[in-house]
Amino acid sequence: MVDLSVTLSGLRLDNPVIPASGTFGYGKEFAALYDLDILGSISFKGTTAGPRFGNPTPRVAETPSGMLNAVGLQNPGVDAVIAEELPALRQRFHKPLIANVGGFSTAEFAANCEKLSACDQIGIIELNISCPNLHGGGKNFGTSAAGAAEATRAARAVTNKPLYVKLTPNVTDIAEIARACEAEGANGLCLINTLLGMRIDLRTKRPVLANRTGGLSGPAVLPVALRMVWDVYEAVNLPIIGCGGVSTAEDLCEMMLAGAAAVEVGAANLRNPYACKEIVEQLPAVCERLGVDHIAKLTGGAHS
């Protein structure tokens, strides 16, 4: 029998399959389809200090082998998440959660992390540094080593829980960003977030998305995500949650061979609501084909 368990900074997961933030909400719709406890963990909707409606519509567009989204961190705000969403999620999922934390300043990052860290349901804080730094001219915290270090330092100061920083791929050298996060006390990293892209409507001759640009996700980004996970695995001594374009058990194993200790599944959930369930069910057979009796042995296996 194949052992599917993995460990992230001392937190044991029954398997490495984690729905990615923004693609699973708070699990309500998916709980009507299958038992969420088959999952390793859940990274719930990105959380900001106050409620956000998000960007104007249209904010989602299909692309070949993927999709664009410019949802804009729509969420009810950290206080409502703690008071309403987490108690409801506790009834649907009985394992530690991953809290994806957003913010537009270091002070907001710190405040959100501190509040969510006090919740016993939270096993890992996932710091989303793809948010625009309003005090830094609007550029994302994650697009510079200095910005990434600043956000990581602010979060690290207020939480004793494992802190994983989610990195943007829209940079020249993601390894440099990863090293900056490691130096400021990150316990792990999550990568990648979406790639910046756009589409134009030939009928209107205008951008399809009201926001003009959006984040590209789906199978098209898997090769980019694999390359970046590989580069970061070589650059730091931290566990990695791989993310980007994973839609099958084979994709997940490929991500682990590149260096991931666990894997988030994003856009695949929007195309097929059973995607995570099917991956969990298919993993034992794929591992047997690969000749491993414990899936954790795959992590970094392609580096030699």
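This briefing covers the sheet, the helices packed on it, the aromatic pairs and the salt bridges of one structure. The model is predicted. Its central topic here is an open sheet of 8 strands with parallel pairing. The structure also holds 4 aromatic pairs and 11 salt bridges.

**Sheet**

- The 8 strands of the open sheet follow the order S3-S16-S15-S10-S9-S8-S7-S4, and the pairing is parallel.
- Strand S3 (17–19) and strand S4 (43–47) stand at the edges; each has a single partner strand, so one side of each lacks a neighbour in the sheet.
- From one strand to the next, the twist averages 25 degrees.
- Within the sheet, S8 and strand S9 (residues 163–166) run parallel and are joined by 4 bridges.
- Asn 128 stands opposite Lys 166, which belongs to S9.

**Helices on the sheet**

- Helix H7 (residues 249–258) packs on the sheet and touches S3, strand S15 (240–243) and strand S16 (262–265).
- The direction of H7 makes about 135 degrees with that of S16.
- Helix H9 (residues 275–290) lies across S3 and S16, and runs at about 175 degrees to S3.

**Aromatic pairs and a charge over a ring**

- The structure holds 4 aromatic pairs.
- One of them is formed by Phe 24 and Phe 30: the ring centres are 4.0 Å apart and the planes are at 15 degrees, so the pair counts as stacked.
- Phe 24 is buried because its relative accessibility is 1%, and Phe 30 is buried with a relative accessible area of 8%.
- Phe 109 and Phe 141 form an edge-to-face pair, with 5.1 Å from centre to centre and 70 degrees between the planes.
- Phe 109 lies in helix H3 (residues 106–117), while Phe 141 lies in the loop between strand S8 (122–128) and helix H4 (145–156); the pair therefore ties together parts that are 32 residues apart in sequence.
- Phe 109 and Phe 141 are both buried.
- Arg 59 lies over the face of Phe 53, at 5.4 Å from the ring centre.

**Salt bridges**

- The search of the whole structure finds 11 salt bridges, including the ones below.
- Lys 115 and Asp 79 form a salt bridge in which the closest N and O atoms are 3.0 Å apart.
- This pair links distant parts of the chain, since Lys 115 is in helix H3 and Asp 79 is in helix H2 (residues 78–92), 36 residues apart.
- Lys 115 is partly exposed, at a relative accessible area of 37%, and Asp 79 counts as partly exposed at 47% relative accessibility.
- Asp 201 and Arg 203 meet through their side chains in a salt bridge, at 3.9 Å from N to O.
- In that pair, Asp 201 is partly exposed, with a relative accessible area of 25%, whereas Arg 203 is exposed, with 69%.
- Arg 12, Asp 14 and Lys 95 are joined into one network by salt bridges that share partners.
- Within this network, the side chains of Arg 12 and Asp 14 meet in a salt bridge of 2.8 Å, N to O.
- Arg 12 is exposed because its relative accessible area is 52%, and Asp 14 is partly exposed, with a relative accessible area of 37%.

Notes: Residues numbered from 1 in each chain as written. Predicted model: local features only at pLDDT ≥ 70, side-chain atom pairs only at ≥ 80, totals over all residues. Heavy atoms only, no water. Phe/Tyr/Trp six-rings, centres within 6.5 Å; stacked < 30°, edge-to-face > 60°. Buried < 20%, exposed > 50% of the residue type's maximum accessible area, 1.4 Å probe, protein only. Helix = DSSP H or I, 4+ residues; strand = E, 2+ residues; numbered from the N terminus. Lys NZ or Arg CZ within 6 Å of the ring centre and 35° of its normal. Salt bridge = Lys/Arg side-chain N within 4 Å of Asp/Glu carboxyl O. Pairing = 2+ DSSP bridges. Axes fitted to C-alpha atoms, helices over the stretch in contact; angles between N-to-C directions. Contact = heavy atoms within 4.5 Å.
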